[in-house]
Amino acid sequence: ARDLAAGEVAIEERASCKRGEPNRYTVQSRPDCHLEFSADIRFANHSFSPTCTARLSEEDDLLFRLVAIEDIPEGSPITYDYLSTETKLSHPFTDGETGLLVSGQ
């Protein structure tokens, strides 16, 4: 772990497979396509005040990146807004900071 500067890639991972339906370990890339991950992306938490933004690669439709939108000190959580990618979450939840339901766009 180390400090990350705004604009720097915090996590980059290639999906292990594509699925038609969401699950706990997928990120939606298109309306009918959910990328499933098996490593670090799975542990990025949701926040309505995220430290990162989600970016799909234009060169590789299985590559997903979380890019720092602000400087992130070492040891700080890597977060992104799940609503920026998901139209329907497989497991909706209540956001711990705001009390709002996170279920999809």
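The following paragraphs look at the nonpolar core of this predicted model and then at one acidic residue, Glu86. Because the model is predicted, local features need pLDDT of at least 70 and side-chain atom pairs count only at pLDDT 80 or more, while totals for chains, interfaces and linings use all residues. Residues are numbered from 1 along each chain as its sequence is written, and side-chain values use heavy atoms, with hydrogens and water left out.

The largest nonpolar core (buried Ala, Val, Leu, Ile, Met, Phe, Trp, Tyr and Cys residues joined through side-chain atoms within 4.5 Å) has 20 residues, and those with the most contacts inside it are Phe37, Ile41, Leu66 and Ile78. Strand E4 (33-36) and strand E7 (63-68) each supply at least two residues of this core, strands being DSSP runs of at least two residues, numbered from the N terminus; its largest share, three residues, comes from E7.

Leu66 lies in strand E7 and is buried (under 20% relative accessible area, 1.4 Å probe, protein chains only), with a value of 0%. Leaving aside neighbours within four places in sequence, Leu66 is in contact (heavy atoms within 4.5 Å) with residues including Ile41, Cys52 and Ile78.

Glu86, found in the loop between strand E8 (79-80) and strand E9 (93-94), is buried yet has no salt bridge (a side-chain nitrogen of Lys or Arg within 4 Å of a carboxyl oxygen of Asp or Glu), and the nearest side chain of opposite charge, Lys88, is 11 Å away. The Glu86 side chain instead reaches the backbone nitrogen of Gln28 at 2.7 Å.

How values were computed. Buried < 20%, exposed > 50% of the residue type's maximum accessible area, 1.4 Å probe, protein only. Lys, Arg positive; Asp, Glu negative; His and termini not counted. Polar contact = N/O pair within 3.5 Å; in protein donor to acceptor, adjacent residues only side chain to side chain.
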